[in-house]
Amino acid sequence: KQILILNGPNLNLLGKREPEIYGSRTFVDYLETIEQAFPDVQIRYFQSNHEGELIDKIHELGFTIDGIVINAGAYTHTSIALADALSAVPAPAVEVHISNVHARESFRHHSYLSAKCKGVILGLGLLGYDLAVRYLLSLEK
Ligand code: DQA
């Protein structure tokens, strides 16, 4: 099986960026843990700070892979285009946020993506990605 993990803007700075909110581990380091946890799964990882590149990746892989784990960062709260991209492809998606966005500023409370996803995991730190992969693998194809 193949799963796409898609990280949006500023998530390349995990480990350095506001560690009191997002933790001190880099995503590349965490990715190794995920790959070890799911040795039979091909994990495709893509991060971009550019909305269109995230959309292009959904188009490129969304017709063939088994699932998408998406943390679109702040685009979560702004991007109808990313929501449309998730609607356009058959791969089921899970939305992940490292922080509990509902405990933060009100502009983080709305997501354009949630309605296009099977479910949402938030506030559980990096573990949320692991749980999302686990869920997507449990789905019948
Ligand atoms: C985030 C929450 C977003 O509101 C924020 O813009 C991010 C990270 C999270 O993982 O907690 O960049 O998606």
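## A first look at the predicted model

A compact globule of 141 residues would have a radius of gyration near 14 Å, and the protein chain comes out at 14 Å, so the two agree. Keep in mind that this is a predicted model. Along the principal axes, the C-alpha atoms of the protein chain fill a box of roughly 35 × 35 × 25 Å.

How many helices and strands does the protein chain have? There are five helices and five strands. Read from the N terminus, the elements go β-α-α-β-α-β-α-β-β-α. As for the inside of the fold, 30% of the 141 residues count as buried. If you take contacts between residues at least 6 apart in sequence, 76% of them join residues at least 24 apart.

### The active-site pair

Which residues does the UniProt annotation "active site" cover? The entry, which is unreviewed, gives Y22 and H97. These two are spread over 76 residues of sequence, yet they cluster in space, with a largest C-alpha distance of 9.6 Å.

Y22 sits in helix α1, while H97 belongs to strand β4. Is H97 buried or exposed? H97 is buried, because 21 other C-beta atoms lie within 10 Å and the cut-off for buried is 20 or more. Y22 has 19 such neighbours inside 10 Å, so Y22 counts as partly exposed.

Leaving out residues up to four places away in sequence, Y22 touches L14, R17, I98 and S99. With the same kind of neighbours left aside, H97 is in contact with N71 and L122.

### Around the ligand

The shell around the ligand is made of N10, N71, G73, A74, T76, H97, I98, S99, V101 and R108. By type, that shell divides into three nonpolar residues, six polar ones and one charged one.

UniProt, again in an unreviewed entry, lists N71, H77, D84, I98, S99 and R108 under "binding site". They span 38 residues in sequence and the farthest two C-alpha atoms are 24.2 Å apart, so they do not all gather at one spot.

Two of the listed residues deserve a visit. S99 lies in the loop between β4 (93-97) and β5 (119-122), and R108 has its place in the loop between β4 and β5 too. S99 is partly exposed, with 17 other C-beta atoms within 10 Å. R108 also has 17 C-beta neighbours inside 10 Å and counts as partly exposed.

What are S99 and R108 in contact with, once neighbours within four places in sequence are left aside? For S99, the partners are I21, Y22, R104 and G123. For R108, they are H77 and V101.

### One more loop residue

R25 is found in the loop between α1 (19-22) and α2 (27-37). Beyond its neighbours within four places in sequence, R25 is in contact with L14, G15, Y30 and L126. The C-alpha atoms of R25 and G67 are separated by 24 Å, and the two residues are 42 apart along the chain.

Here are the residues from this tour side by side.

| Residue | Other C-beta atoms within 10 Å | Status |
|---|---|---|
| Y22 | 19 | partly exposed |
| R25 | 14 | partly exposed |
| H97 | 21 | buried |
| S99 | 17 | partly exposed |
| R108 | 17 | partly exposed |

Key: Residues numbered from 1 in each chain as written. Predicted model: local features only at pLDDT ≥ 70, side-chain atom pairs only at ≥ 80, totals over all residues. Near = placed C-beta within 6 Å. Nonpolar A, V, L, I, M, F, W, Y, C, P; charged D, E, K, R; others polar. Helix = DSSP H or I, 4+ residues; strand = E, 2+ residues; numbered from the N terminus. Buried ≥ 20, exposed ≤ 12 C-beta atoms within 10 Å, placed from the backbone. Contact = placed C-beta atoms within 7 Å. UniProt positions renumbered as here; feature names shortened; annotations may be inferred. Rg over C-alpha atoms; globule rule 2.2 N^0.38 Å.
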